[in-house]
Amino acid sequence: RAGVVAQRKSAAGQLADSLLNELIATGEWQSASQSGNFGPAWNGYRWRIVNENWTRENMRILTIEVTYPVQNREYNVRLSTLLPPTN
């Protein structure tokens, strides 16, 4: 199971990175859906966006969490980045 978890964790990290970059490049992070999936090619992989105030300098912290299954158990990967204020 450890090998499958590691392989899927790597894939989940790449999916999270790709989605995070896409949301930032298009500006959709401000109004995007808060959750979804990656379609049939990535069956079982789900994502969720958390967009919060950061405590310093009036910035935002955007986190993408990707959840994936391995043998009836769920695992997740989280990637975060800081974004400038939206004014």
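Biologist: Let's start at the end of β3: what is the bridge partner of V70 in β4?

Modeller: In this predicted model, V70 is bridged to R73 of β4.

Biologist: One bridge is not much. What makes β3 and β4 a pair?

Modeller: Pairing takes at least two bridges between two strands. β3 and β4 are joined by 11, so they count as paired, and they run antiparallel. Their hairpin leaves two residues between the strands, and Q71 there has a positive phi near 50°.

Biologist: And how do you know that β2 and β3 pair?

Modeller: Same test. Eight bridges join β2 to β3, against a minimum of two, so this is a pair as well, again antiparallel. One of those links has W47 facing V66 of β3 as its bridge partner. This hairpin has six residues between its strands, with E57 in the turn at a positive phi of about 55°.

Biologist: Where do these strands fall in the overall order of the chain?

Modeller: Read along the sequence, the pattern is α-β-β-β-β, that is, one helix and four strands.

Biologist: What makes you say β3 is mostly covered?

Modeller: A residue is buried when its relative accessible area is under 20%. Nine of the 11 residues in β3 meet that cut-off, so "mostly covered" is a fair label. For the chain of 87 residues, the buried share is 31%.

Biologist: Why is the largest cluster of 20 residues called a nonpolar core?

Modeller: The name needs buried residues of the nonpolar kinds, Tyr included, joined through side-chain atoms within 4.5 Å. The 20 residues here form such a set, so the name applies; Y45, I64, V66 and Y68 have the most contacts inside it. As a rule, nonpolar side chains in soluble globular proteins tend to be buried together.

Biologist: Which elements give two or more residues to this core?

Modeller: Those are α1 (2-26), β2 (46-53), β3 (60-70) and β4 (73-83). The biggest contributor is α1, with eight residues.

Biologist: Back to V66, then: what does V66 touch beyond four places away in sequence?

Modeller: Touching means heavy atoms within 4.5 Å. By that standard V66 reaches A12 and A16, along with F38, Y45, R46, W47, Y75, N76 and V77. Both A12 and A16 fall inside the range of α1 (2-26).

Biologist: How much of the contact network is long-range, from residues 24 or more positions apart?

Modeller: They make up 41% of the chain's contacts with a separation of 6 or more.

Key:
Residues are numbered from 1 along each chain as its sequence is written. This is a predicted model: local features need pLDDT of at least 70, side-chain atom pairs count only at pLDDT 80 or more; totals for chains, interfaces and linings use all residues. Side-chain values use heavy atoms; hydrogens and water are left out. Buried means under 20% relative accessible area, exposed over 50%, partly exposed in between (1.4 Å probe, protein chains only).
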